[in-house]
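This report looks at how a bound ligand is held by its surroundings, and then turns to a single residue in a helix. The sequence and the structure come first.

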Amino acid sequence: MSHRFKSVPVRSSEITPKETYLSRRDFIKAAGVIAGSAALLACAPDAAESTPEVAGVTRPAFSDELGNPANTFEEITSYNNYYEFSTNKEAVKPLSESFNANPWTVEVTGMVAKPKTFGIEDLLAMFPQEERIYRLRCVEAWSMVIPWNGFSLASLLKAVEPTSDAQYVRFETVYRPEEMKGQGSPFYPWPYQEGLRIDEAMNDLTLLATGLYGEMMPNQNGAPIRLVVPWKYGFKSIKSIVKIELTDQRPNTLWNTVATNEYGFYANVNPNVDHPRWSQASERRIGELTRRETLMFNGYGEQVADLYADMDLSLQY
Ligand code: MTE
């Protein structure tokens with residue numbers, strides 16, 4: 001794993017005011033670390049073949065463990081899935097601008113010896129921020145390489161001491177229909193929720209991300225804290241988490257509830273199991289012209305294949 005970008009600040013007193021954050025971004029731009037990308041407007045899954053390669057984008061100097069260069073800050077923060085704000089990936093950024101992620105608390109509860117509600121500043125102080133460059137493969141067959149900052153979910157779960165009955169972890173996004181107009185949509189069962197089996201949750205790859213590119217998490221990417229499960233389709237990586245519950249019941253998940261035959265509970269990246277409406281064999285990396293072959297478990301098989309050794313992954317998708 002590469003560790004070549006700077007760490008996020010870790011104390012609440014250092015939470016970046018928006019003006020500072022914006023000027024920092026301008027500084028990064030001026031320094032030529034990132035460049036704008038007009039081509040992102042054409043990134044709907046169906047437009048894949050006709051999307052021109054992003055012209056003149058300087059890729060950051062660092063890459064993931066397979067040598068894939070990271071996407072730019074601009075790409076990662078301008079093309080987002082966040083249905084609470086909009087179903088249009090380019091609209092999420094402007095619509096989430098005034099979302100208020102500070103103050104913030106995360107309740108960790110259920111089958112644990114030490115349930116506790118943590119302020120975001122407590123979490124930042126308790127768990128040293130790590131830097132991890134992960135591929136994110138969306139179920140819509142596009143992908144990005146994202147330099148996250150955060151800490152392992154396992155370290156938080158260990159702190160609250162799950163009981164021996166706990167078999168699953170359930171996550172819930174904040175419910176604020178006034179600020180998140182998408183939550184007014186009757187087509188989805190709000191709040192967004194997700195779940196993992198406890199061994200998946202305890203795997204070291206599973207990250208609670210609090211930032212990217214060394215900046216606090218941008219609103220559109222799930223401020224102030226979101227899950228990142230790099231071997232699963234992106235919809236498992238739930239944003240703006242307010243509740244984490246240990247349970248012995250398999251949690252309902254938003255996408256599994258909405259379309260059971262299309263989105264399974266496991267949602268492991270699997271090029272051999274197609275989505276009922278499209279192939280999962282290849283993907284388009286944002287900013288690239290040529291499609292890539294999708295890797296089993298998104299390329300993280302060495303770390304996670306054992307978790308599913310006894311399962312038929314075409315049935316338990
Ligand atoms: N979390 C919430 N609360 N709401 C969402 O709509 N979209 C998911 C996931 N987490 C989503 C969410 C999907 S489909 C993907 S692909 C990733 O977030 C996208 O993360 P990104 O926009 O930061 O790249």
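In this predicted model, a nitrogen atom of the ligand lies 2.9 Å from a polar backbone atom of Ser-237. The protein covers 98% of the 540 Å² of accessible area that the ligand has on its own. Two side chains also come within polar contact of the ligand, and in each case the ligand atom involved is an oxygen: the partner is an N or O atom of Asn-80 at 3.1 Å, and an N or O atom of Asn-221 at 3.0 Å. The three contacts are set out below.

| Ligand atom | Protein partner | Distance |
|---|---|---|
| nitrogen | Ser-237, polar backbone atom | 2.9 Å |
| oxygen | Asn-221, side-chain N or O atom | 3.0 Å |
| oxygen | Asn-80, side-chain N or O atom | 3.1 Å |

As for its location, the ligand sits in the largest pocket. The ligand is surrounded by 15 residues, of which the closest are Tyr-83, Glu-84, Arg-226, Ser-237 and Lys-239. Sorted by class, this shell around the ligand comprises six nonpolar, six polar and three charged residues.

The remaining residue to consider is Thr-77, which belongs to helix α2, a helix that spans residues 73–78. A polar atom of the Thr-77 side chain lies 2.7 Å from the backbone oxygen of Phe-73. Is Thr-77 buried or exposed? Thr-77 counts as buried because its relative accessible area is 0%, whereas the cut-off for a buried residue is under 20%.

Key: Residues numbered from 1 in each chain as written. Predicted model: local features only at pLDDT ≥ 70, side-chain atom pairs only at ≥ 80, totals over all residues. Heavy atoms only, no water. Near = heavy atom within 4 Å. Polar contact = N/O pair within 3.5 Å; in protein donor to acceptor, adjacent residues only side chain to side chain. Areas by Shrake-Rupley, 256 points an atom, 1.4 Å probe, with all protein chains shown as cover. 1 Å grid on protein atoms, 1.4 Å probe; cavity = no way out; pocket = protein on both sides within 12 Å on 5 of 7 lines; lining within 4 Å. Sits in = over half its atoms within 2 Å of the grid points. Nonpolar A, V, L, I, M, F, W, Y, C, P; charged D, E, K, R; others polar. Helix = DSSP H or I, 4+ residues; strand = E, 2+ residues; numbered from the N terminus. Buried < 20%, exposed > 50% of the residue type's maximum accessible area, 1.4 Å probe, protein only.
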